[in-house]
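Here's a walk through a two-chain model, one piece at a time. Keep the structure open beside you as you read.

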Amino acid sequence: MPEAGVSGSELDAESARWLRALAEPGAAREAALARLHELLLPIARREVARRGPRLAITGPELDDLAYQAAADALLAITGKAGQFRGESRFMTWAYKFVIFEVSAKIGRHFWRHPAVPLGAEQWERLPDRFGFDPALEAEWRDLAAAVRRAVDTELTPRQREVFVALVVNGVPLDTLVLSLGSSRNAIYKVMFDARRKLRAALAANGYLPDDCPGGS
Amino acid sequence: MNGWPALDGFLRTDPQDVGCARAMEMLHVYAELVAAGEPAAERYPGVAAHLRACGPCGEDFDGLLAAIRGEAP
């Protein structure tokens, strides 16, 4: 659903200073870029450290990733500074690019070092993905089989490919984006439609509650 | 943990969900509102719906919020 956007606002003094500094010629601009990089690098380091415990990336590789993310964020920011409309502080907008670069670089790392071979399907791990209690196997085995049937019969080949990669095999979305040469938005949309179809099929067969008024 | 609610919650879709592109475009605005204690989800319900459903965008939001809150003085 479309939402109201934000119109450009009057810049706060600090944001205006940043824009002026980045528009300066020569040495003044270089000094502003160096200062900006100094501010972005700790944000990148903190972000990779925040995500680090969940990643199989450690030590110097993690620091390299942070350094590259800060450097690439700086390029993105300088390239898009003309698009900054003052809806937030300049530095909040700038930090966003650091976070996006960290995400992209982590996705690229797992694309280069895949935990699951492409083409594999780890259906036996599906119950784990949703935290089904092994002690209650009799209850969820039938549901897991119904999910697999619905995936095979209700989804388009593209939806099935995306569902199997993300949900069954646990491939990170940003990694799948690279693998398929797609975008996060496009893959999310494929998955959104797949989720809606699967829930409808499972509800129609009594596996999940039917929320639609009047059933079906 | 009972996986049925987890599966049900995962498969539910919110028609207000704006998708990744719009959420990423608005992320700095949304995060700054949240950091300021403003009712960001009321102002941007479609972004809020998306961040609840999309793991990667939710992770980016958490990271940006942490950056805003933790930046050096």
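## Chain B at a glance

Reading from the N terminus, the elements of chain B go α-α-α-α-α. That's five helices and zero strands, where helices (H or I, at least four residues) and strands (E, at least two) are DSSP runs numbered from the N terminus. This is a predicted model, so local features need pLDDT of at least 70 and side-chain atom pairs count only at pLDDT 80 or more, while totals for chains, interfaces and linings use all residues. Residues are numbered from 1 along each chain as its sequence is written, and chains are lettered from A and ligands numbered from 1 in the order in which they are written.

The C-alpha atoms of chain B fit a box of roughly 45 × 25 × 20 Å along the principal axes. Of its 73 residues, 44% count as buried; buried means 20 or more other C-beta atoms within 10 Å of a residue's own, exposed means 12 or fewer, and partly exposed is in between, with C-beta atoms placed from the backbone. Take the contacts in chain B with a separation of 6 or more: 70% of them come from residues 24 or more positions apart. Two residues are in contact if their C-beta atoms, placed from the backbone, lie within 7 Å.

## Helix packing in chain B

Have a look at α2(B) and α5(B): their axes come within 9 Å and cross at roughly 30°. Axes here are lines fitted to C-alpha atoms, for helices over the stretch in contact, and angles run from 0 to 180 degrees between N-to-C directions. Residues making this contact include B:A23, B:L27 and B:A31 of α2(B), plus B:F61, B:L64 and B:I68 of α5(B). By class, the contact has 12 nonpolar, one polar and three charged residues.

Then there's α4 (residues 45-53) of chain B, where B:G46, B:V47, B:A48, B:H50, B:L51 and B:A53 are buried. Their cover includes α2 (20-35), α3 (40-43) and α5 (55-70) of chain B.

## Where the chains meet

How many residues of chain A are in contact with chain B? It's 37, touching 36 residues of chain B. On the chain A side, α2 (26-51), α4 (90-112), α8 (173-180) and α9 (184-204) each supply at least two residues, and α9(A) has the largest share, with nine.

That side of chain A divides into 18 nonpolar, five polar and 14 charged residues. Ala, Val, Leu, Ile, Met, Phe, Trp, Tyr, Cys and Pro count as nonpolar, Asp, Glu, Lys and Arg as charged, and the others, Gly among them, as polar.

## Chain A: domains and core

The domain assignment splits chain A into domain 1 (13-112) and domain 2 (123-204). Their centres, taken over C-alpha atoms, are 33 Å apart, and seven residues of domain 1 are in contact with six of domain 2.

The largest nonpolar core has 74 residues, and among those touching the most other members are A:L40, A:V98, A:L166 and B:A23. α4(A) gives the most to this core, with 11 residues, and each of the two chain A domains contributes at least three. A:L166 also touches A:V171, A:L173, A:L176 and A:M191, leaving out residues up to four places away in sequence.

## One residue to find

A:D72 sits in helix α3 (residues 59-80) of chain A. It counts as partly exposed because it has 19 C-beta neighbours inside 10 Å. Its C-alpha atom is separated by 46 Å from that of A:W140, 68 residues apart along the chain.

Terms used
Domain bounds come from an automatic or database domain assignment. A nonpolar core is a set of buried Ala, Val, Leu, Ile, Met, Phe, Trp, Tyr and Cys residues joined through C-beta atoms within 7 Å.
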